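Here are some notes for a colleague who will be reading the backbone geometry residue by residue. They take up strand pairing, one helix and two unusual backbone angles.

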Amino acid sequence: MSPEIQTGNLTFPEVSDETTLLEVDDLHTTFSTSRGPLHAVNGVSLTLDRGETIGIVGESGSGKTVLTRSIMGLVPREGVTRTGSVNFMGQEILNAPDKSLRQLWGSQIAMVFQDPMTSLNPVMRIGKQIAEPLRLHTDMDGKEARANALSLLTQVGIPSPEERLRAYPGELSGGMRQRVMIAIALACAPRLLLADEPTTGLDVTVQAQILDLLATLQKDRTMAMILVTHDLGVVATRTDKIIVMYAGNVVEQAPTATLFSAMAMPYTEALLGSTPRIANPSHTRLNAIEGRPPDLVNVPPGCPFSPRCKYAQDICHQVRPPLVPAAEPNHLFACWFPLGGRSGPHPPAVTVGVASERPDRPDPVPGPAS
Amino acid sequence: MTDRLVPVEPQEAGTTISTRAVDADVGGTAAALTEAPAKKRLGWFFWVCAAWIALVILTAIFAGLLPLKDPLYQDYSALNQGPSGAHLLGTDDLGRDIFSRVIYGARVSLVIGFGAILIGLAIGGTLGIMSGYLRGKFDTITNSASYVFLAYPAIVAIIAIVAFWGNAWWQITLILGVAASPILYRVVRASTLSYSTKEFVMSARALGATNWRILTKEILPNVLPAIASFSLIGVATVIVLEGSLAFLGLSVQPPTPSWGNMINEGRTELTTDPWLVLFPALAIFFFLLALNFVGDRLRQHFDVTVGRL
């Protein structure tokens, strides 16, 4: 299998810490469906340095998973169009052929999937599944790969790893399987880890352990990570930047501390408001966001969140707000009437008068202490 | 590194033990993990069936070495006799020994049964797994073709081809194999389709595995148990089909015995000497019963996807 590595036409020189690892520019992913084009990712741009963590937050169906898969190139070739640019370590990989991407997948970019119950091959022993990428991407022989698999299992905190090597996935609990998934993803020491809701399928007690484990391993390896989740609480303490997505669009993007201290987008506020709080008395109703995300085939004009936004006004339903910089550095948002009385983008002249009629609003919900 | 992870161990260890063995102490130590999981038992009936299949196959192979009467020898002093010491299962209307004919007949039935399914798997199975994984145009074409084949009444086509082409044992095997392939194609394709969309296939792709590797290492091992068990049932079906052809006088020609043509030859005597039909029919019945049971049990036994609770 080692000839695989040489056949590709991409080369990856060792990079210094300052180099930007991943640069995504105006990425669009469109699925052609029988009802027309479905815009799952609509012009997302982001940069990620070595060892940095970006959190991508949004509801189900907001395009988070498609975004990570589009970055990686793991989308079907037929019926999907991707435009824009994905630059990984100085190479354009957006429409690179599978053959060249294969040397990247697993060795430079790895992914941890959402459901640990289905993301391991049920009829292959754990040890073999961890050794597979090692055999594929390095010239290790079976014995070395096995020894490596053992040390990886130890690193991800699996008790009696020697025996686990011979176990089948069906003999492990969900938390254990997710640890194994992480061990597989980290086997070839990738520079970028895409973790697509890595804790959604797990018990709350195990969730924290898995996230802490990811953080520890990430620090040890100066590995960059994109952490996809629908839980703002998860990303609050574990990321450097946060991107909030809604209906395939970036609606707010900021360094983590800035986002929680100077939240501008009502959707971000609503997301945070729907997190259960330990301080609330028992049986407090959760603040759900009313309504559903829009149909991505027929996105209404205007701000996609406007039908559900409690601050929405006429213009919000008619003209889509652009993503504009806020006062804080690196803080972008897309809202005509941002939270906290800050100035938004200038609404088109036709409806300028509406802005002054904006009702007073409460301050944004304070973020959890970080 | 390891020190930081230590605090999580007791909790995780507890979870694992509880999923592995019901009687294990949830707060148990790592020592509890070393206990071998309870062995799955196949049950006595499985062994009876397996022994029966082995016996039939072995006697069929070594029939020439066994002290059997010549299956073609016609003893005109003992026509249509019931079971006795001299003829264990009696004799037919030409005075041939039914016991030795049943054993020699197994040769034809087994070769055609297993041979046809192997050919069917080679054609239908290969196309099925490719079409289920690759999808696209290839899938559309092969899938439609399989429907066209299945829409045509197989037995009529088989009769026509056998009548036109010939009925040597290898011709029958080939024709039945081709006839079985659309069904095997559908089973393999359906199974492949369901596994192709599983996350572990995506995960293998995300680790840089090639299509060939995904097909052979991720999908095939998962699809195999279902195919193997279905194939054993398929063997049974083909043996019956060969019997039907023989009954119509279209399979391997007399005097060579097969289970099917023995029933065919005996049917005229059914009212007076029912054992002429009974014994080959019982041979088919018990062999198929054993095949089905063993196939099903083996599938359960090697199913590692279910946790050993």
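1. Two strands are counted as paired if DSSP finds at least two bridges between them. In this predicted model, strand E3 (residues 53–57) of chain A is joined to strand E8 (residues 224–229) of chain A by five bridges, and the two strands run parallel. Within that pairing, A:Ile56 has A:Val228 in E8(A) as its bridge partner.

2. The wider context is an open sheet of eight strands in chain A, whose order is E6-E7-E8-E3-E9-E10-E12-E11 and whose pairing is mixed. The edges are strand E6 (109–112) and strand E11 (324–325) of chain A, each of which pairs on one side only.

3. In chain B, helix H5 (residues 136–151) has 16 residues, which at 1.5 Å a residue should span 22 Å, and the 23 Å between its end C-alpha atoms agrees with this. Of those 16 residues the number buried is one, so H5(B) lies largely in the open.

4. The loop between helix H4 (98–134) and H5 of chain B holds B:Arg135, whose phi is positive, at about 50 degrees, although the residue is not a glycine. B:Arg135 is partly exposed, with 15 other C-beta atoms within 10 Å.

5. A positive phi also occurs at A:Asp26, where the value is near 45 degrees in a residue other than glycine. A:Asp26 lies in strand E1 (residues 20–33) of chain A; with 11 other C-beta atoms within 10 Å, A:Asp26 is exposed, because the cut-off for that class is 12 or fewer.

How values were computed: Residues are numbered from 1 along each chain as its sequence is written. Chains are lettered from A and ligands numbered from 1 in the order in which they are written. This is a predicted model: local features need pLDDT of at least 70, side-chain atom pairs count only at pLDDT 80 or more; totals for chains, interfaces and linings use all residues. Helices (H or I, at least four residues) and strands (E, at least two) are DSSP runs, numbered from the N terminus. The expected span of a helix is 1.5 Å times one less than its number of residues. A residue is buried if 20 or more other C-beta atoms lie within 10 Å of its own, exposed if 12 or fewer, and partly exposed in between; C-beta atoms are placed from the backbone.
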